[in-house]
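Please take a moment to look over the sequence and the model shown below before reading on. The paragraphs after it are meant for someone meeting this structure for the first time.

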Amino acid sequence: MTESVNVKNIGLRGVTVADTKVSFIDGKKGVLIYRGYRIEDLAQNASFPEVAFLLLHGVPPDNMQLADFNEQLLEASEIPAYVYDALKHYPADARPMDVLQAGIPLLAMADPELSDDTREANIRKGIRLIARLPMLVAAWHRIRQGLPPLPAESSLSHTDNFLYQLHGIKPSDKATQVLDTCLVLHADHTFNASTFSCRQVVSTRAHIYAGVTAGIGALSGSLHGGANAQVMKMLLSLQDEKDVAAWVSKQLDKGERIMGMGHAVYKTMDPRATFLKEMALSLGKESGQRQLVSLSRQIEEAALIEFKKRGKTEIKPNVDFYSASVYHLLGIPTDLMTPIFAISRVAGWAAHIIEEKTGEAQEKPALYRPKAEYIGQYCGLMGCEFKPLEKHSSKE
Ligand code: COA
């Protein structure tokens, strides 16, 4: 049983609420580690399914295990027909993050192991979620255009399949490799808002689908995963801007935030942003579409100068700043950028949920239960007198 301590820390910044074996961040040095492996190493040498296996099982797969895992992802990717039927009734302008969030309980209803809370069953459910989230996102994109969803192709990899289902054509090797690296980079990030939401929900013994539904809701916000779409909107709105530096300065004077910059934990460059910047530059060069990346660099440079002037040198680009350009150059619509974050982060959410449920990192009280300081109306412990409406009006 953990000791109860009375501390107040608004927003839980810097408060350690659990132990974890899933991932680690050193915010001052800009280091991110999944299960002992540096993100730079994984981004260069591992595929997304390898990373998902690593997160779920705690160790990287060997060749046989990876082949088997890919097979499991493919088999698990089929979505029940009633889910597609439900999507067909949604308004065509429904936000993809809402559609994705609404889809998770629909998937739960079809899971034969929903009530089995063992580690093994939760790993299998985690695999189903990793396999089905991209199918849901791609299916919604097609259905909203009046097109039928495409089934997964057995000859294609997990990432190939997503791009194929989204665009209806087989992707280039470059596009798959770029998106796969993006999925590796986004797969986990310790106790961020969405992961904490997942863990908090399943600490009540709710099932993995309930946890992931909460995670998607938290991720959708513009201070979290929703920031990539906001960055894209900023870039599109600034395409004809002559004086980017003046725009940045004016934004900060107005107290507005530059989306895709700053981080609650990193006080130096986010290591994922370093990769994404390189990827954006390379894609821009190869596609001959350098304008967007060059605009991003202008905003970054202007913002760093302005932040320095204002004594906020720790605000640097985060994972969302350059991922917006990367996704745009891959032909991803702006409103699908945050869902793509989700199809990757679901691997980390599943690993954290399993850790939370099994207590394999530590023994802890069954339930997260912080306190809040009450500063509302107070008339002593007897309470204020409540006047029922009828009595109140008959007196008047
Ligand atoms: N643009 C302008 N100012 C920023 C900023 C940004 N992107 N990020 C932080 N700041 C400023 C805040 O306005 C605040 O200034 P103040 O002290 O004068 O009020 C100060 O820096 C601290 O901000 P705060 O939100 O309290 O701290 P934080 O470091 O925990 O913020 C974020 C983290 C992510 C919420 C914040 O950086 C942000 O809003 N970024 C933009 C959204 C984004 O990209 N989110 C994705 C994160 S991966």
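What follows is a walk through the surroundings of the ligand and then a look at a disulfide.

The model is a predicted one, and a good place to begin is the ligand, which sits in the largest pocket. Around the ligand there are 21 residues, the closest being Arg13, Arg257, Ile258, Met261 and Lys312. Sorted by class, this shell is made up of nine nonpolar, six polar and six charged residues. Where does the ligand lie with respect to domain 1 and domain 2? Because domain 1 (23-226 + 334-358) and domain 2 (229-328) both contribute residues to the shell, the ligand lies between them.

Within this shell, several polar contacts can be followed atom by atom. Arg257, already named among the closest residues, places a polar side-chain atom 2.7 Å from an oxygen atom of the ligand. Leu223 takes part through its backbone, with an N or O atom 2.9 Å from a nitrogen atom of the ligand, and a backbone N or O atom of His263 is found 3.4 Å from an oxygen atom of the ligand. On its own the ligand has 860 Å² of accessible area, of which the protein covers 71%.

Turning from the ligand to the cysteines, a search of the whole structure finds one disulfide. A disulfide is a covalent bond between the sulfur atoms of two cysteines. Here the partners are Cys379 and Cys384, whose sulfur atoms are 1.7 Å apart in the model, and the link between Cys379 and Cys384 is right-handed, with 85 degrees about the S-S bond.

Notes: Residues numbered from 1 in each chain as written. Predicted model: local features only at pLDDT ≥ 70, side-chain atom pairs only at ≥ 80, totals over all residues. Heavy atoms only, no water. Near = heavy atom within 4 Å. Polar contact = N/O pair within 3.5 Å; in protein donor to acceptor, adjacent residues only side chain to side chain. Areas by Shrake-Rupley, 256 points an atom, 1.4 Å probe, with all protein chains shown as cover. 1 Å grid on protein atoms, 1.4 Å probe; cavity = no way out; pocket = protein on both sides within 12 Å on 5 of 7 lines; lining within 4 Å. Sits in = over half its atoms within 2 Å of the grid points. Nonpolar A, V, L, I, M, F, W, Y, C, P; charged D, E, K, R; others polar. Domains from an automatic or database assignment. Disulfide = S-S within 2.5 Å.
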